[in-house]
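This report goes through selected side-chain features of one protein chain. Please keep the sequence and the structure at hand while reading.

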Amino acid sequence: MSLQQNIRRWGKAGMAAAWATAVWCAAGAAWAQGSAIWRCGNEYTNNPGPNPAARGCREMQGGNLTIVEGTRPAGGAPGNAGGAGGAASAGVPNGARSAAERVEPDQQRQRDAEARRILEQELRRAEERLAQARADYADGKPPRLANERTDSPRYTARVEELRTRVERAEADVAAIRREIGRLDGGR
């Protein structure tokens with residue numbers, strides 16, 4: 001359809017409205033592309049001020065940018081007096097516990113003793129698993145099973161699995177010993 005046919009069909013007023021809409025859309029797209037987003041530290045803004053470089057701002061390049069603000073801590077954070085624990089923690093340094101959260105020394109000693117007992121029990125079990133894994137591994141030369149006599153790849157895969165099991169058991173024992181060391185270091 002030609003321009004003249006569209007003018008007859010829509011009339012001059014309709015064509016003027018269509019042209020105005022097209023110009024308005026093009027201007028909106030140009031304006032959206034022309035506005036820059038700046039990152040100034042953890043702040044994103046489209047108005048960085050007179051000297052953005054002095055503030056450490058840099059212009060963001062690329063496509064669309066969406067910022068989703070995270071949640072704020074409930075209480076105890078500086079400047080957050082309206083939170084759930086704001087009034088109770090006023091004047092208390094970060095990391096310090098309020099009187100209601102503190103544990104009596106005798107109760108703490110009981111908890112530490114129970115934790116130590118559990119860790120030592122876990123250490124014994126882990127050392128038993130390590131000893132069994134080392135016995136099964138047999139320094140990388142475990143006896144071949146009946147179905148592995150002719151199948152070398154199957155034997156190799158089983159040896160690799162046994163080696164991995166030994167390494168995992170050694171790591172478990174080392175981790176439990178570290179935990180016991182931390183418990184002893186806290187005294």
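## Aromatic rings

A search of the whole structure finds 0 aromatic pairs. The model searched here is a predicted one.

A ring does take part in another kind of contact: the charged end of Arg144 sits over the ring of Tyr155. The distance from that charged end to the centre of the Tyr155 ring is 4.1 Å.

## Disulfide

For disulfides, the search of the whole structure finds 1. The disulfide joins Cys40 to Cys57, with an S to S distance of 1.9 Å. The pair links distant parts of the chain, 17 residues apart. Cys40 belongs to strand S1 (residues 38–40), while Cys57 belongs to strand S3.

The link of Cys40 and Cys57 is right-handed, with 115° about the S-S bond. Are these two cysteines buried or exposed? Cys40 is buried, and Cys57 is buried as well.

## Nonpolar surface patch

Ile37, Leu65 and Ile67 make a nonpolar patch on the surface, with an area of about 230 Å². Of these residues, Leu65 can be placed in the chain: Leu65 is found in the loop between strand S3 (57–59) and helix H2 (105–137).

How does Leu65 qualify for a surface patch? The relative accessible area of Leu65 is 39%, and patches are made of residues with over 30% relative accessible area, so Leu65 passes that cut-off. With this value Leu65 is classed as partly exposed.

Methods. Residues numbered from 1 in each chain as written. Predicted model: local features only at pLDDT ≥ 70, side-chain atom pairs only at ≥ 80, totals over all residues. Heavy atoms only, no water. Phe/Tyr/Trp six-rings, centres within 6.5 Å; stacked < 30°, edge-to-face > 60°. Lys NZ or Arg CZ within 6 Å of the ring centre and 35° of its normal. Patch = residues over 30% accessible without salt bridge, like charges linked within 9 Å, V, L, I, M, F, W, Y side chains within 5 Å. Areas by Shrake-Rupley, 256 points an atom, 1.4 Å probe, with all protein chains shown as cover. Salt bridge = Lys/Arg side-chain N within 4 Å of Asp/Glu carboxyl O. Helix = DSSP H or I, 4+ residues; strand = E, 2+ residues; numbered from the N terminus. Buried < 20%, exposed > 50% of the residue type's maximum accessible area, 1.4 Å probe, protein only. Disulfide = S-S within 2.5 Å.
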